[in-house]
Amino acid sequence: MGHKPSSLHVGHMSYDIDYNDEANCDELAADGFTHEGTRRIGIRPTLHPDYEREVLLHDALHACVDVTRLGLSYKAEERIVDHLTGPLLDLIRRNPELIRFLQQ
């Protein structure tokens with residue numbers, strides 16, 4: 001399996017990823033977070049690898065929303081991201097030909 005990415009690029013913005021951010025995750029009562037101002041994603045270090053991937057995708061989707069400047073409320077954004085994370089992760093995992101095609 002591949003190595004963990006240390007950053008991600010969404011549109012014109014880059015986000016650093018910190019997989020050892022227990023303190024901020026505890027403070028936010030979350031397993032991960034996206035901070036638009038610092039362009040940083042924090043992931044709780046004690047997550048199971050499968051769940052860690054889901055949390056990272058969830059927060060990558062928050063980064064996508066940040067880039068679009070849709071101006072959604074936190075509640076609306078969280079609802080959309082929550083509903084898209086599972087199906088999108090499944091689509092990525094079960095359709096490698098699609099992913100290769102999209103990367104061309």
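Student: Why is arginine 69 called exposed?

Tutor: In this predicted model, arginine 69 has a relative accessible area of 52%. A residue counts as exposed when that value is over 50%, so arginine 69 is exposed.

Student: Where does arginine 69 lie, and what is the sign of its phi?

Tutor: Arginine 69 lies in the loop between α2 (49-68) and α3 (74-94). Its phi is near 55 degrees, a positive value in a residue other than glycine.

Student: Which label does arginine 39 receive, and why?

Tutor: The relative accessible area of arginine 39 is 32%. Partly exposed covers the range between the cut-offs of 20% and 50%, and therefore arginine 39 is partly exposed. Arginine 39 sits in the loop between β3 (32-35) and β4 (40-43). Its phi is positive as well, about 50 degrees, although arginine 39 is not a glycine.

Student: What are the elements of the protein chain, and in what order do they come?

Tutor: The secondary structure comes to four helices and four strands. Read from the N terminus, the order is β-β-α-β-β-α-α-α.

Student: How do you know whether the radius of gyration agrees with that of a compact globule?

Tutor: For 104 residues, a compact globule would have a radius of gyration near 13 Å. The protein chain has 14 Å, which agrees with that expectation. Along its principal axes, the C-alpha trace spans about 40 × 30 × 25 Å.

Student: How much of the protein chain is buried, and how much area does the chain expose?

Tutor: Of the 104 residues, 32% count as buried. The exposed area is about 7100 Å², and carbon and sulfur atoms supply 55% of that area.

Student: What share of the contacts join residues at least 24 apart?

Tutor: The share is 45%, taken among contacts between residues at least 6 apart in sequence.

Student: How far apart are the mean positions of the positive and negative charges?

Tutor: The protein chain has 11 positive and 18 negative charges, and their mean positions are 5 Å apart.

Student: What makes aspartate 21 a buried residue?

Tutor: Its relative accessible area is 4%. Buried means under 20%, so aspartate 21 is buried. Aspartate 21 is found in the loop between β2 (13-18) and α1 (22-28). Apart from neighbours within four places in sequence, aspartate 21 is in contact with Phe33, Arg40, Gly42, Ile43 and Pro45.

Student: Why is glutamate 52 called buried or exposed?

Tutor: Glutamate 52 has a relative accessible area of 9%. The cut-off for buried is under 20%, and therefore glutamate 52 is buried. Glutamate 52 lies in helix α2. When residues up to four places away in sequence are not counted, glutamate 52 touches Lys4, Tyr19, Ile43 and Leu47.

Student: How do you know that cysteine 25 and cysteine 64 are in no disulfide?

Tutor: A disulfide requires two cysteine sulfur atoms within 2.5 Å. The count comes to zero disulfides by this rule. For cysteine 25, the nearest cysteine sulfur is that of cysteine 64, 19 Å away. That distance is too far for a bond, so cysteine 64 is not joined to cysteine 25.

Student: Which accessibility labels do cysteine 25 and cysteine 64 receive, and why?

Tutor: Cysteine 25 has a relative accessible area of 0%, so cysteine 25 is buried. Cysteine 64 has 34% relative accessibility and therefore counts as partly exposed.

Student: What makes histidine 35 partly exposed?

Tutor: The relative accessible area of histidine 35 is 39%. This value falls between 20% and 50%, so the label is partly exposed. Histidine 35 has its place in strand β3. Leaving aside neighbours within four places in sequence, histidine 35 is in contact with Tyr15 and Arg40.

Student: How far is histidine 35 from histidine 62, in sequence and in space?

Tutor: Histidine 35 and histidine 62 are 27 residues apart in sequence, and their C-alpha atoms are 9.1 Å apart in space.

Student: Why does glutamine 103 count as buried or exposed?

Tutor: Glutamine 103 has 62% relative accessibility. Since exposed means over 50%, glutamine 103 counts as exposed. Glutamine 103 lies in the segment after α4 (96-102). The C-alpha atoms of glutamine 103 and alanine 30 are separated by 31 Å, and the two residues are 73 residues apart along the chain.

Technical notes. Residues numbered from 1 in each chain as written. Predicted model: local features only at pLDDT ≥ 70, side-chain atom pairs only at ≥ 80, totals over all residues. Heavy atoms only, no water. Helix = DSSP H or I, 4+ residues; strand = E, 2+ residues; numbered from the N terminus. Rg over C-alpha atoms; globule rule 2.2 N^0.38 Å. Buried < 20%, exposed > 50% of the residue type's maximum accessible area, 1.4 Å probe, protein only. Contact = heavy atoms within 4.5 Å. Areas by Shrake-Rupley, 256 points an atom, 1.4 Å probe, with all protein chains shown as cover. Lys, Arg positive; Asp, Glu negative; His and termini not counted. Charge placed at Lys NZ, Arg CZ, Asp CG, Glu CD.
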